[in-house]
Amino acid sequence: MVQDELLIEQLNQKQVGAFKILFDRFYRYLVLYAMKWVERQEIAEDVVQDLFVQVWERDTIYSSYYGFKNFLYNSVKNASLDYLKHKEVEGKYVRYTLRTSETGEVPELEVMKDEVYRRLYQVLDELPKRCQEVFKYYLEGKKNSEIAEILQISELTVKTQKRNAIVYLRKRLGRVYMLYVLFKVGFM
């Protein structure tokens with residue numbers, strides 16, 4: 001139709017009236033078309049509104065009414081599929097984040113735990129060899145009697161070495177040591 005081609009010519013000249021007529025003519029149909037993919041009306045409306053903003057803001061020259069119509073439908077389809085791809089990537093990221101944290105903890109908490117343990121072992125290396133050995137077995141959850149048996153020392157020596165290590169670690173690590181204790185007992 002001649003009238004349709006005239007609308008495209010006016011749109012190319014950025015005439016607001018032509019834009020409004022074309023918007024009103026296509027908006028509802030494009031929203032329904034977008035819903036084939038995104039399945040939610042508010043998302044479909046966003047896709048179509050964004051497309052019309054682009055039509056208005058860009059300096060694209062449309063050669064025909066038919067070409068403009070094809071452009072609109074192809075653009076809605078592509079934008080809808082892009083939206084779905086983005087949602088899929090977001091979903092994968094969320095699943096990855098949950099998977100990397102077996103305990104369901106927030107990843108930042110995992111990083112904090114790693115840093116606390118790194119710092120703890122760094123200071124632990126400053127202790128005398130026997131004291132280190134005792135405390136490392138203690139960190140593994142071994143009981144005083146088990147540590148004594150493994151290291152071939154008395155339980156009293158194990159208790160003394162463990163106490164010396166704790167005093168030293170508290171002194172050197174301060175609050176970081178308290179974080180370790182909270183992690184160990186499961187408060188964080």
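Visitor: Why does Ile150 count as partly exposed?

Guide: In this predicted model, Ile150 has a relative accessibility of 40%; since buried means under 20% and exposed means over 50%, a value in between is called partly exposed, and therefore Ile150 counts as partly exposed.

Visitor: Where is Ile150 placed, and which residues is Ile150 in contact with, leaving aside its neighbours within four places in sequence?

Guide: Ile150 belongs to helix α7, which covers residues 144-151. Leaving aside neighbours within four places in sequence, Ile150 is in contact with Tyr137 and Lys142, where contact means heavy atoms within 4.5 Å. From C-alpha to C-alpha, Ile150 and Val134 are 9.6 Å apart in space, while 16 residues separate them in sequence.

Visitor: Which residues of α7 are buried, and how do you know that they line one face of the helix?

Guide: The buried residues in α7 are Asn144, Ile147, Ala148 and Leu151. Looking down the axis of α7, one finds these buried residues within an arc of 100°, so they line one face of the helix. They pack against α6 (129-139) and α8 (155-173), and just after α7 comes Gln152, with a positive phi of about 55°.

Visitor: What puts the buried residues of α6 on the same side of that helix?

Guide: In α6 the buried residues are Cys131, Gln132, Val134, Phe135 and Leu139. Around the axis they cover an arc of only 165°, and therefore they are on the same side of α6. Just after α6, Gly141 has a positive phi of about 95°.

Visitor: What makes Ser80 count as buried?

Guide: The relative accessible area of Ser80 is 0%, and because buried means under 20%, Ser80 is called buried. Ser80 is in helix α4, residues 65-100, and, not counting residues up to four places away in sequence, Ser80 touches Ala34, Trp37, Val38 and Val47.

Visitor: How do the axes of α2 and α3 cross, and how do the residues of their contact divide into nonpolar, polar and charged?

Guide: The axes of α2 (residues 16-38) and α3 (residues 41-57) come within 8 Å and cross at roughly 145°, and the crossing is right-handed. Among the residues that make the contact are Phe19, Phe23 and Ala34 of α2, together with Gln41, Glu45 and Phe52 of α3. The residues of this contact divide into 17 nonpolar, two polar and one charged. Because Glu counts as charged, Glu45 of α3, one of the contact residues, belongs to the charged class.

Technical notes
Residues numbered from 1 in each chain as written. Predicted model: local features only at pLDDT ≥ 70, side-chain atom pairs only at ≥ 80, totals over all residues. Heavy atoms only, no water. Helix = DSSP H or I, 4+ residues; strand = E, 2+ residues; numbered from the N terminus. Buried < 20%, exposed > 50% of the residue type's maximum accessible area, 1.4 Å probe, protein only. Arc of directions from axis to C-beta. Axes fitted to C-alpha atoms, helices over the stretch in contact; angles between N-to-C directions. Left-handed = near helix turned anticlockwise from the far one by under 90°.
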